[in-house]
Protein chains: 2
Amino acid sequence: METTLEEMVAALKREGYKLTPQRRAVLRVIALSQSHLTPAIIYQRAHRTHPGIGLVTIYRTLNMLHELGFICEVCGEGHRPSYLFRRIPQHHHHLVCSDCGTVVNFTHCNLDSLERRLSEETGFLIQEHLLEFHGLCPKCRKQMPEQNFFLGGKG
Amino acid sequence: METTLEEMVAALKREGYKLTPQRRAVLRVIALSQSHLTPAIIYQRAHRTHPGIGLVTIYRTLNMLHELGFICEVCGEGHRPSYLFRRIPQHHHHLVCSDCGTVVNFTHCNLDSLERRLSEETGFLIQEHLLEFHGLCPKCRKQMPEQNFFLGGKG
DNA sequence: GCATTAAATGAAAATTACTTTCATCTACTA
DNA sequence: TAGTAGATGAAAGTAATTTTCATTTAATGC
C-alpha cells in the first residue's frame, strides 16, 4: 500500500542508480518526514547524519527522485517548491498545514465532472490539474485558538 | 462586472499611490493580455511604450497590484510565478493553456463538500485552496493534432 | 502656474536559489 | 580485487529577485 524506504532503495538499484551513503541520507530524511521540505532543510537534516554532504547532491537527488516519481512537489501560492515523500502511488492531492507543514494526502478529488464541464464550455483539452488545500492541522489549530475565527479564504 | 483599467487607476489613486507613466505602462500591459505573464515579459512589453523603464519597477508594481488584489498568481507546478489581470473580483480559478498561456477564469469550483469532508476526516481548519487546470486551448489544440491523443494526467 | 515634499524611479550592488564544470572518488560488476 | 561508469563536492557560473541610494517627479497647497 504505502511506499517504503526499502522499496525506494530497491527501485533505485533496479533503475541502475548507485546507492551511495549521501543518497541514503536524503532518502531517510524524506521518508521520515510528514511535511514538505525545501532543499535547504533537507540539506540541513542530511548533514546531521552525513556531514560533508553537498547541497548539489541534494538537488541532484531530488531531481532523480522526482523523475522516478518518488516525491511530489508542493506549490503553495507561487513560492519556491518544496518536496514530499510520495507515500501513496495513486493520483492524489495534498492538504497542507500552513504552520508546521504537515501534509495529509487525499485521493478522490472528484474533479472529473468539473473537468468535463470546463472542457465542453471552453473547448480546452484538459491534461492535468493542480489542487491543494491549505489550513491548520489539529495540533497547530489548538496552539493558535485565535486563528479559529479566521475562516475566510482568499476570495 | 469586469474590472477595467480605469477602475484600477482610480483605486490606485484612492489608496494614495502616485500614478506614474511607468505604472500606467505596466497596468496597460496587464490589462491588455489574456495570458499569464512573467515579470520579464511584462518588462519587455512595457519597455515598448515606455523605454527606460527598469525591471525593478516591474517587480515593485507587481507587488503593489498583488497586495491590492488586482492580479492573480499562476503557479503551474513549482515554476516561477507569473501574473494575470484579475478580471473578475469574485472567488475563481484558472484554466491555463500550457502552450500559449491563455487563461480562462471559472467560478463555481464546487469544492465546498470536499473541503467539509476533509475537514471532518482530518481535523484541519481549511483556510484556502489552490486549483488550476492545465491543458490546450482550442487554437493550440488545432495546431498540434498529435497532442489530442495524450489525455493522461500526472496520475 | 509654481514651490514643496513624500513617494517613485533606475542604476548598481547584493542576495538567493539553483546549475554547470571538472577533478577526484567510490559503488558496483566481473 | 581491479576496472569503470557513475557520483560527489568545491568552485564558478547563471538567473531571478531584492536592497540601497542618489535623483526625479506626481500630487498637493498656495
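**Exercise 1. Contacts along the chain**

Among contacts in chain A between residues at least 6 apart in sequence, what percentage join residues at least 24 apart?

*Solution.* Keep in mind that you're looking at a predicted model.
- Step 1: set aside the contacts between sequence neighbours, so that what remains joins residues at least 6 apart.
- Step 2: of that set, 49% link residues at least 24 apart.

**Exercise 2. Sketching chain A**

Work out how many helices and strands chain A has, and in what order they come.

*Solution.*
- Step 1: count the elements, and you get 6 helices and 5 strands.
- Step 2: walk along the sequence, and the pattern reads α-α-α-α-β-β-β-β-α-β-α.
- Step 3: add dimensions to your sketch; the C-alpha trace of chain A spans about 50 × 45 × 30 Å along its principal axes.
- Step 4: add the surface. Of the 155 residues in chain A, 44% count as buried. The chain exposes about 8,500 Å², with carbon and sulfur atoms supplying 52% of that area.
- Step 5: finish with the charges. Chain A carries 18 positive and 15 negative side chains, and the centres of these two sets sit 11 Å apart.

**Exercise 3. Classifying ring pairs**

Find the aromatic pairs in the whole structure, and decide what kind of pair A:Phe106 and A:Phe133 make.

*Solution.*
- Step 1: search over all chains, which turns up 2 aromatic pairs.
- Step 2: look at the geometry. The ring centres of A:Phe106 and A:Phe133 are 5.7 Å apart, and their planes meet at 55°.
- Step 3: compare with the cut-offs. Stacked needs an angle under 30 degrees and edge-to-face one over 60, so with planes at 55° the A:Phe106 and A:Phe133 pair is tilted.
- Step 4: place the partners. A:Phe106 belongs to strand 4 (residues 103-106) and A:Phe133 to strand 5 (residues 125-136) of chain A, so the pair ties together parts 27 residues apart in sequence.
- Step 5: check the surroundings; A:Phe106 and A:Phe133 are both buried.
- Step 6: turn to chain B. B:Phe106 and B:Phe133 have ring centres 5.7 Å apart and planes at 55°, so this pair is tilted. Both B:Phe106 and B:Phe133 are buried.

**Exercise 4. Salt bridges on a helix**

How many salt bridges does the structure hold over all chains, and where do their partners lie?

*Solution.*
- Step 1: the count over all chains is 2.
- Step 2: in chain A, A:Glu121 bridges to A:Arg117, with 3.3 Å between the closest N and O atoms.
- Step 3: find them on the chain. A:Glu121 and A:Arg117 sit in helix 5 (residues 112-122) of chain A, 4 residues apart, or about one turn of the helix.
- Step 4: see how open they are. A:Glu121 has 57% relative accessibility, so it counts as exposed, while A:Arg117, at 28%, is partly exposed.
- Step 5: for chain B, B:Arg117 and B:Glu121 meet in a salt bridge at 3.3 Å, N to O. Both are in helix 5 (residues 112-122) of chain B.

**Exercise 5. Positive phi**

Take A:Asn110 and B:His108: what is phi near in each, and is each residue buried or exposed?

*Solution.*
- Step 1: recall the background. Most residues other than glycine have a negative phi.
- Step 2: A:Asn110 has a positive phi, near 55°. A:Asn110 is in the loop between strand 4 and helix 5 of chain A, and at 57% relative accessibility it is exposed.
- Step 3: B:His108 has a positive phi near 55°. B:His108 lies in the loop between strand 4 and helix 5 of chain B and is exposed, with a relative accessible area of 57%.

Terms used:
Residues numbered from 1 in each chain as written. Chains lettered and ligands numbered in written order. Predicted model: local features only at pLDDT ≥ 70, side-chain atom pairs only at ≥ 80, totals over all residues. Heavy atoms only, no water. Phe/Tyr/Trp six-rings, centres within 6.5 Å; stacked < 30°, edge-to-face > 60°. Helix = DSSP H or I, 4+ residues; strand = E, 2+ residues; numbered from the N terminus. Buried < 20%, exposed > 50% of the residue type's maximum accessible area, 1.4 Å probe, protein only. Contact = heavy atoms within 4.5 Å. Areas by Shrake-Rupley, 256 points an atom, 1.4 Å probe, with all protein chains shown as cover. Lys, Arg positive; Asp, Glu negative; His and termini not counted. Charge placed at Lys NZ, Arg CZ, Asp CG, Glu CD. Salt bridge = Lys/Arg side-chain N within 4 Å of Asp/Glu carboxyl O.
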